[in-house]
Amino acid sequence: MTIELCFTNLIKLSQPFHNGQQPFHVVGQPDLISNELPDPSNANTLASPWAIAFDLEGNLWTVDCLYNRVLQYPRPFNQDFQSASVFIGQSSSNSPLVTNATADNHTPSTKTSLFTPSGLAFDEDGNLWVSDSGHNRILRYKPPFTAFSKEADIVLGKRDFIS
Amino acid sequence: MWFHPPFNISFDLTHGLWISGWTRVLRFSLPILSNRPAATLVIGKPDFITPDIHPNGNNPSADLLYAATDIAFDPFWKYVYLRLQ
């Protein structure tokens with residue numbers, strides 16, 4: 001299985017792979033031709049997903065850059081427009097869209113906030129590491145992962161979580 | 001250790017956490033037990049105190065990086081690959 005990145009969705013392709021293959025499922029959009037960008041977000045929309053990874057349980061995670069969040073999609077991925085179940089960086093599934101990353105709409109730096117995140121990875125202990133690019137820092141989150149307002153426990157690049 | 005800004009994250013087999021930044025790549029040794037740990041390796045700069053800017057704009061060079069946005073290791077963990085945007 002391979003998942004590729006598009007501007008507002010993720011697509012899933014199944015083996016065996018061949019030239020010109022059509023996606024099997026789409027995440028972030030209701031179908032393969034839609035390009036909706038609601039403001040605020042929903043649990044099943046994406047705005048500029050920059051990176052993807054799987055956790056140790058096989059759940060899919062993506063950085064949803066312009067909604068300032070990292071999302072978990074529980075397996076199995078057997079439907080289009082699947083809703084996320086974990087929203088790192090937000091207190092609800094309704095996030096405002098970043099339209100201009102300037103100081104006037106800059107999200108304050110806290111233990112629970114993200115601003116234009118761009119990367120993520122899991123270590124061998126199952127900890128989630130997120131590149132919080134807009135805050136110039138790296139954050140670590142320890143499992144278990146709550147649906148909303150998960151707090152980071154380590155920060156790299158800053159002396160504390162509010163700097 | 002101020003990033004400008006960090007982009008992506010990867011791990012090596014020897015408990016190293018790698019961060020691709022703007023004009024440098026940093027490696028941190030795991031475990032990390034407190035905030036703002038010091039990096040143990042820098043690529044793209046001669047040392048940790050050289051500013052995170054490119055002295056020649058975005059002109060390519062053999063030992064400097066510009067817009068290192070992605071990082072990954074090959075399946076045999078022998079090479080690290082960087083995407084320079």
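Strands are DSSP runs of E, at least two residues in length, and are numbered from the N terminus. The model used in these exercises is predicted.

**Exercise 1.** Find where A:P117 lies in chain A, and decide whether A:P117 is buried or exposed.

Solution.
Step 1. Locate the residue: A:P117 is in the loop that links β7 (86–88) and β8 (119–122) of chain A.
Step 2. Take the cut-off: a residue is buried if 20 or more other C-beta atoms lie within 10 Å of its own.
Step 3. Apply the cut-off: A:P117 has 27 C-beta neighbours inside 10 Å, so A:P117 counts as buried.
Step 4. Name contacts beyond four places in sequence: A:P117 touches, among others, A:V63, A:C65, A:V70 and A:G89. The list also includes A:V130, A:S131, A:D132 and A:S133.
Step 5. Add a distance: the C-alpha atom of A:P117 is 8.3 Å from that of A:W50, although 67 residues separate the two along the chain.

**Exercise 2.** Work out the strand order of the open sheet of four strands in chain A, and state which strands stand at the edges.

Solution.
Step 1. Read the order: the strands run β8-β9-β10-β11, with antiparallel pairing.
Step 2. Find the edges: β8 and β11 of chain A each have a single partner strand, so one side of each lacks a neighbour in the sheet.
Step 3. Give the twist: from one strand to the next it averages 20 degrees.
Step 4. Examine one pair: β8(A) and β9(A) run antiparallel and are joined by four bridges. A:F122 has A:L128 in β9(A) as its bridge partner.

**Exercise 3.** State how many residues of chain A are in contact with chain B, and describe them.

Solution.
Step 1. Count: 20 residues of chain A contact 19 residues of chain B.
Step 2. Place them: β8, β9 (128–132), β10 (137–141) and β11 (154–156) of chain A each supply at least two residues of this side.
Step 3. Sort the chain A residues: eight are nonpolar, seven polar and five charged.

How values were computed
Residues are numbered from 1 along each chain as its sequence is written. Chains are lettered from A and ligands numbered from 1 in the order in which they are written. This is a predicted model: local features need pLDDT of at least 70, side-chain atom pairs count only at pLDDT 80 or more; totals for chains, interfaces and linings use all residues. A residue is buried if 20 or more other C-beta atoms lie within 10 Å of its own, exposed if 12 or fewer, and partly exposed in between; C-beta atoms are placed from the backbone. Two residues are in contact if their C-beta atoms, placed from the backbone, lie within 7 Å. Ala, Val, Leu, Ile, Met, Phe, Trp, Tyr, Cys and Pro count as nonpolar, Asp, Glu, Lys and Arg as charged, and the others, Gly among them, as polar. Two strands pair if DSSP finds at least two bridges between them. Axes are lines fitted to C-alpha atoms, for helices over the stretch in contact, and angles run from 0 to 180 degrees between N-to-C directions.
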